[in-house]
Amino acid sequence: MNQELRKKVLMCFKQLHRTRLTVFQGDTTALAEAREKINTEFAKNKHVSSADAVEELLTFGQQVEQVLRTTVIQAVRKENGHYSARILKDTTRLDSKPYQPMPETMIGPFKKKKTKCSD
């Protein structure tokens with residue numbers, strides 16, 4: 001594996017760990033489990049030497065990092081039985097884009113056609 005590819009692998013490894021620290025901040029169990037999983041996966045694939053295979057694994061690692069950063073939230077139980085959610089700035093919010101029906105131009109070929117039986 002060439003130096004440029006090694007550099008990309010190390011950057012991906014570090015980014016996953018930085019994201020882990022941000023996403024699971026304060027949760028020692030989740031931090032330890034995520035650390036173990038990241039380290040195990042990288043150790044399992046350390047003997048991969050094909051540039052194409054390494055690139056594919058890097059793409060997967062970047063996708064995992066994005067999913068962690070954008071979809072994982074922390075919920076902490078308070079004394080009164082309610083939960084408080086820790087939502088980061090990168091977390092995808094479903095309410096940020098209100099529902100809008102699909103335009104007729106996109107529905108076109110999938111529209112149900114009227115037949116004699118469907119009247």
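Helix 1 and helix 2 run roughly antiparallel to each other, because the angle between them is about 165° and angles over 145 degrees count as roughly antiparallel. In this predicted model, the axes of helix 1 and helix 2 are 10 Å apart. Helix 1 passes helix 2 in a right-handed crossing. On the helix 1 side, the contact is made by Val 9, Cys 12, Phe 13, Leu 16, His 17, Arg 20 and Leu 21. Helix 2 answers with Leu 31, Ala 34, Arg 35, Ile 38, Asn 39 and Phe 42.

Two residues in that contact deserve a closer look. What kind of aromatic pair do the rings of Phe 13 and Phe 42 make? A search of the whole structure turns up one aromatic pair. The ring centres of Phe 13 and Phe 42 are 5.0 Å apart and the ring planes stand at 80°, so the pair is edge-to-face; the cut-off for that label is over 60 degrees. Phe 13 belongs to helix 1 (residues 3–23) and Phe 42 to helix 2 (residues 28–44), so the pair ties together parts that are 29 residues apart in sequence.

His 17 is another helix 1 residue that takes part in the contact with helix 2. Leaving aside residues up to four places away in sequence, His 17 touches Arg 35, Ile 38 and Asn 39.

**The other neighbour of helix 1**

Now turn to helix 3, which spans residues 51–71. How do helix 1 and helix 3 lie relative to each other, roughly parallel or roughly antiparallel? Their axes come within 10 Å and cross at roughly 15°. Helix 1 and helix 3 are therefore roughly parallel to each other, since angles under 35 degrees count that way. The crossing of helix 1 past helix 3 is left-handed. From helix 1, the residues making this contact are Leu 5, Lys 8, Val 9, Cys 12, Gln 15, Leu 16, Thr 19 and Val 23. Helix 3 brings Ala 51, Val 54, Glu 55, Leu 58, Gly 61, Gln 62, Val 64, Glu 65, Leu 68 and Arg 69.

Val 23, placed in helix 1, also reaches other parts of the chain. Besides Leu 68 and Arg 69, Val 23 touches Val 72, Gln 74, Arg 86 and Leu 88, not counting residues up to four places away in sequence. The C-alpha atoms of Val 23 and Ile 73 are 7.2 Å apart, although these residues are separated by 50 residues in sequence.

Met 11 is also found in helix 1. Between the C-alpha atoms of Met 11 and Leu 58 the separation is 9.7 Å, with their positions 47 residues apart along the chain.

**Buried or exposed?**

The table brings together several residues met so far.

| Residue | Relative accessible area | State |
|---|---|---|
| Val 23 | 3% | buried |
| His 17 | 12% | buried |
| Phe 42 | 24% | partly exposed |
| Phe 13 | 25% | partly exposed |
| Met 11 | 52% | exposed |

The cut-offs explain these labels: buried means under 20% relative accessible area, and exposed means over 50%. Val 23 is therefore buried at 3%, while Met 11 is exposed at 52%. Both rings of the edge-to-face pair belong to partly exposed residues, with Phe 13 at 25% and Phe 42 at 24%.

**The hairpin**

Where do the two strands lie, and how do they pair? Strand 1 covers residues 74–77 and strand 2 covers residues 83–86, and they pair in the antiparallel sense over four bridges. Gln 74 has Arg 86 of strand 2 as its bridge partner, and Arg 77 has Tyr 83. Gln 74 and Arg 86 are also among the residues that Val 23 touches. Together the strands form a hairpin with five residues between them. In the turn, Gly 81 has a positive phi of about 90°.

**The chain as a whole**

With these parts in view, the overall plan is easy to follow. The chain has four helices and two strands. Read from the N terminus, its elements run α-α-α-β-β-α. What share of the 119 residues is buried? Buried residues make up 18% of them. Among contacts between residues at least 6 apart in sequence, 50% join residues at least 24 apart.

Notes
Residues numbered from 1 in each chain as written. Predicted model: local features only at pLDDT ≥ 70, side-chain atom pairs only at ≥ 80, totals over all residues. Heavy atoms only, no water. Pairing = 2+ DSSP bridges. Phe/Tyr/Trp six-rings, centres within 6.5 Å; stacked < 30°, edge-to-face > 60°. Buried < 20%, exposed > 50% of the residue type's maximum accessible area, 1.4 Å probe, protein only. Axes fitted to C-alpha atoms, helices over the stretch in contact; angles between N-to-C directions. Parallel < 35°, antiparallel > 145°, perpendicular 65-115°, else oblique. Left-handed = near helix turned anticlockwise from the far one by under 90°. Contact = heavy atoms within 4.5 Å.
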